[in-house]
Structure formats: C-alpha cells, structure tokens
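User: I would like to learn how to read an interface, a core and a buried helix from a set of coordinates. Could you take me through them, one feature after another?

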Amino acid sequence: MTLSGLLFFALGNNVQAGDLPDKQAELKLAAPAPDADYLKMRSLATIPEGAFGEKVRLGYQLFVNTQQLRGQYVGNELNCVNCHMDAGRRANASPLWAAYLAYPAYRKKNDKVNSYQERIQGCFTYSMNGKAPESGSEPLVALSAYSYWLAMGGLMDKYGVTGAVPELSDADLLKGGKREDFVLPEAIAKAMTVDERAKLPGRGFPAIPKPEQAYSPARGERVYRAHCQSCHGENGEGLAMGGVYSLPPLWGPNSFNWGAGMHRVNTAANFIYENMPLGKSVQLSHQEAWDVAAFVVSHERPQDPRLEGDKVMELSKRYHQHQGYYGKSLGEGAVLGTQSYPINPAKQ
Amino acid sequence: MLIGVTALFLSSQAMAANEMPPAAALCGSCHGPTGMGIEPIAPRIAGLSSEYIAKQIHLFQQGDRQNPSMTPMAMTVQGEAINQVADYFAAQPVPAFIPVVRGSQTSYQSVAETLVYQGDWQRTLPACVSCHGPSGIGGGQFPRLAGQQASYLKTQLMAWQSGTRKGDIDNMMGNIASKLSQDEIAALADYFAKLK
C-alpha cells in the first residue's frame, strides 16, 4: 500500500473537505459591492527597465500566453488569462493583485503554510493539467513578480505613494504579501492590517446567491446552446485559429482537470455570472449561471492527478465532497472520472 | 510524414474547391474571381471560413445585414449553392504572414494595437484577438480581419454601432462596437488592413 493509500485508510470517511490539502481550495468570498473601491492597476507601459522589470514582463507574457510552457508545465490548451480577465488585472475575475496579498495562507487543520508560489504550482497541476514548475524556477518567479508589481502599484497609487514599485528578492516575491515582514511603504502599512489587505474588494469570483431551483445540467444545456456554444463549440472543445486556442475548451482532453477549482459548480457559476459572455453583451440570471455551470462541469475531462490506481470512488469521497460531478453519473452515463483524459499529454 | 499527408489533403481539397461553382460567378464579378475584393466596391471574401460566408448570405437574405447591393445579390444564391459558394471562396488563398501571438509585447504605442491585443477593460472591451484569433486571422463564425479593406472594416463597425448589422449571438459584436469611438474605429480599420 502506498503512503497516500495508508493515509486515506487511516483517515477513513471521517475526513471533511475543509481538512484536505486541496491546492485549489475555495477562498472565502463576498458578494461584490456595487461601488467597491477596487484597486486601480498601473499601465503595463510603466513596468520599469532592468532585471526586476524583465521578471514582471515575463510574468505578464506567460500569463497571457501560457502555451509557451506547453509540453513542459502545461498539458492542455488553456492560458491563465482565460479565467483571469484583463491579464489578471480585473476585479471579480480572481485578480492576481488580490491573490498575491492573500498568500501565504495558513491552514490550521494541517498546520501548513501555503506560499504564493505553491498556489501557482497548484494552478499548473490542476487548471493547466500539467506539471508544477520546480520551486524557485523562472516561471514561478516571473508570475509572482507580475502579481506583486500589480498589487504594490495599485496600493501605492491608492495611498498616494509615488515612484516605482520597490524591488523584492526572488525569495520574497515567491512568498506572497500576507505576512508581517512584507515590506510596505509606511502610508500603506498604516492604512490597512495584513488581514485587511488579504481581503481586498474584487478578490476571487464573487459568490452569487444559491439557486432557487436545484441546479440542473439539463436546463444548463439549453443555456449553453443559446449563449455559449457559438464561442466554445458544440462539444465544449473551444476554437483554435492558426493553432492558437483563442476560445478556450471547457471540457474534454484540452481543458482543466478534475482537480481544478473551476470544476466545482459553485466556482464555475460565480465565474460565469460575473464574467461571461466576454464583453457582457447579455447578463445571465443567477439560475442560468448555476445551470450552465452544472452542464459544463458534468462532462468528462482530464483525470484528477491525486487519483491512485483506479479508485475513483475513494478519491471522490476524499477530495470531492463539494458541488461537483466527479464520481457521479448522470442518467445512464458512465461514472465521471472513470473515463478521464490523460494528465499533461503532449500536444496533438 | 504527418506534414506530407496534411499537405496532400489540403492540395486535393483546394483543387476541388478551385473549380468555381456556377453560382459563384456573380459573386466574383464584384468580389473578384478569387474573392480578393475590389475596394471600395466589395470586401475580400477569400480566406473567410465557409461557415461565416454561408451565415452572412443567410443574414443578408433575412435582412439582419443590410446593403443595397448585397441584399438582392444574396437572394440569387439559394439552397445547396450557398454552401458551394461559401466553400469555394473560403478555400481561396490569401497572402500568408506570421500572426502576432498575444503577449509577445507587454505594451503598445498605438491605440489600435492596445485594443487589438489587450482591449480596454475599463470599458469591458476584450482584446479583438480574444475572439478573432492571433492578428485577427479569424476562424469559425469570426471573420478574418487581417488584410481586410480598411474602408469595409470601418463601415462594418459603424453598421454594428447603428444596428444595421445584426445576427450574432447576444449582440456580442454590436455591444463591443458601441463602445468604440470614431477615432478608434478608424485606427483599428487601418491596423487590420495593413496586416497582409
């Protein structure tokens, strides 16, 4: 029996979702404030010259064209920017600036501190269906530097601190900004506590109210056909032009895997309600967002990397005690997770 | 090996499609026999997807797109001929160039390039390339913008604004066009027209 198998055996069925080392656990979310005072981002044209600025620039470039890492750390056709609008700058689309200030996050149940770098590693493992870059590696430094630059520039402008964003060492960049020893201009440090900075308005995808009727993939399919299919394809396959998937695949072999946060119905519903369709030419109702989210995440996708052998039901009990379809079947269909696609495959 | 097979497939497909179907002759009189367009009479239709061309013919027939010349012309193509015409012009070659992939630059000097590659999210304007593909090469229901005539791109964006062009899902393009200024429209039209 493997170590993790032993662990599972020991923990049995008493494990609660909150105890688990889920690298894409839900952050506590609030409803969006109508006139929230979101941090405003500096123009990317103001990224400084020099070695630090180059790291920030590389972070931006990897964020909008993550396919540069295909075959190495990325195993699907997605780019970070597909879920984090405006290159991670837009409020209520899980902006990088809010995330950066929410890590390192301490989890008291397992007495483990997750750094910002570990959070990004989780993104590669699950959302990108790939392999996490090594700790301290160039992509992680760059993505951390970009996130930090956005957060610090926004805070400085809000509190009237002029000048360039102070440079940080790679080691400090990778930790994240939620720590007492995070170096801040005095005006910012005085204005907010560490915990207040970690809960900036606009973080995450804001929670929408529970649906009036239980969410339904069948009703969601009608929403999908009417509003989503024209961009994301009849079978959620996305659309490539010149070999580049501009419109991201939502399920199937080229999308996020069963460990990604977006496979939860609530996370997908929150994201969709706030951010889709691109450009917001129409506003779905809360019910429609729940239903279409359920439809999208009730299809087979790449396997959860935490699966041991073929124990889908065990993994489901251990990691999937939330609003999702892993380990369940719809109607006469196969149990989802039993026919999943490969993790980190080479590009076809 | 794989490349060879693909090339063979493409060339045999192109050979079949290169024979102009009778219904396309009338189209060719304004758009040119290979659909390269004649500015300012008719836009380039070579290299648009077959799906897009067929849909536009239907939209003209239904009145969701309005143009004094195209409305009666679209009526002359009916039934199976719609797909034949669409396939023929979709298969016509357009000058090749290497598209710019998003993120190759962090910031841009011009208003047009900023909108094309980054959008303006203060106005909830996504980057053009997020639907029209790298450098606006197009695909599926999204028309190719790269190399299209500036005058045509400009009149179309204005038609989306005024509502004389409709027919996409949820008025996505009408909504986006409505947020653009006249200067931005002119700059975008010039930018895409030069990509060839």
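**Reading the interface, the cores and a buried helix**

Analyst: Let us begin where the chains meet, bearing in mind that this is a predicted model. Between chain B and chain A there are 9 residue pairs in polar contact, both residues being at pLDDT 80 or more, while the count of salt bridges between chain B and chain A is 0.

User: Which helices of chain B supply at least two residues each to the side that touches chain A?

Analyst: They are α7 (129-132) and α9 (172-178) of chain B, and α7(B) gives the largest share of that side, with 4 residues. By character, the residues on the side of chain B that touches chain A divide into 10 nonpolar, 16 polar and 3 charged.

User: How is the size of an interface often given?

Analyst: It is often given as the accessible area lost when the parts come together. Here the area buried between chain B and chain A is about 2400 Å², with carbon and sulfur atoms giving 62% of it. Of the area that chain B buries against chain A, B:Thr106, B:Trp121 and B:Asp170 supply 28%, which is more than any other three residues. In terms of contacts, 29 residues of chain B meet 28 residues of chain A.

User: Turning to the interior, which residues have the most contacts inside the largest nonpolar core?

Analyst: That core has 99 residues, and those with the most contacts inside it are A:Trp97, A:Phe124, A:Tyr146 and A:Tyr148. Helix α6 (residues 138-158) of chain A gives the most to this core, contributing 13 residues. Apart from it lies another core, of 26 residues, including B:Val116, B:Tyr117, B:Leu153 and B:Met173. As for A:Tyr148, leaving aside residues up to four places away in sequence, its contacts include A:Phe52, A:Tyr100, A:Val165 and A:Phe182.

User: Why is helix α11 of chain A described as largely enclosed by the rest of the structure?

Analyst: One reads this from burial, for which the cut-off is under 20% relative accessible area. In helix α11 (residues 265-275) of chain A, 10 of the 11 residues are buried, so the helix is largely enclosed by the rest of the structure. Among the buried residues are A:Asn266, A:Phe271 and A:Tyr273, and the buried residues of α11(A) pack against α3 (85-88) and α12 (286-296) of chain A.

User: Is A:His299 buried or exposed?

Analyst: A:His299, in the loop between α12 and α13 (312-319) of chain A, has a relative accessible area of 18% and is therefore buried. A polar atom of the A:His299 side chain lies 2.8 Å from the backbone oxygen of A:Phe295, and, not counting residues up to four places away in sequence, A:His299 touches A:Trp251, A:Trp258 and A:Leu336.

Notes:
Residues are numbered from 1 along each chain as its sequence is written. Chains are lettered from A and ligands numbered from 1 in the order in which they are written. This is a predicted model: local features need pLDDT of at least 70, side-chain atom pairs count only at pLDDT 80 or more; totals for chains, interfaces and linings use all residues. Side-chain values use heavy atoms; hydrogens and water are left out. A nonpolar core is a set of buried Ala, Val, Leu, Ile, Met, Phe, Trp, Tyr and Cys residues joined through side-chain atoms within 4.5 Å. Buried means under 20% relative accessible area, exposed over 50%, partly exposed in between (1.4 Å probe, protein chains only). Contact means heavy atoms within 4.5 Å. Buried area is the accessible area (1.4 Å probe) that two parts lose on being put together, summed over both. A salt bridge is a side-chain nitrogen of Lys or Arg within 4 Å of a carboxyl oxygen of Asp or Glu. A polar contact is a pair of N or O atoms within 3.5 Å; within protein, one must be able to donate a hydrogen and the other to accept it, and residues adjacent in sequence count only if both atoms are side-chain atoms. Ala, Val, Leu, Ile, Met, Phe, Trp, Tyr, Cys and Pro count as nonpolar, Asp, Glu, Lys and Arg as charged, and the others, Gly among them, as polar.
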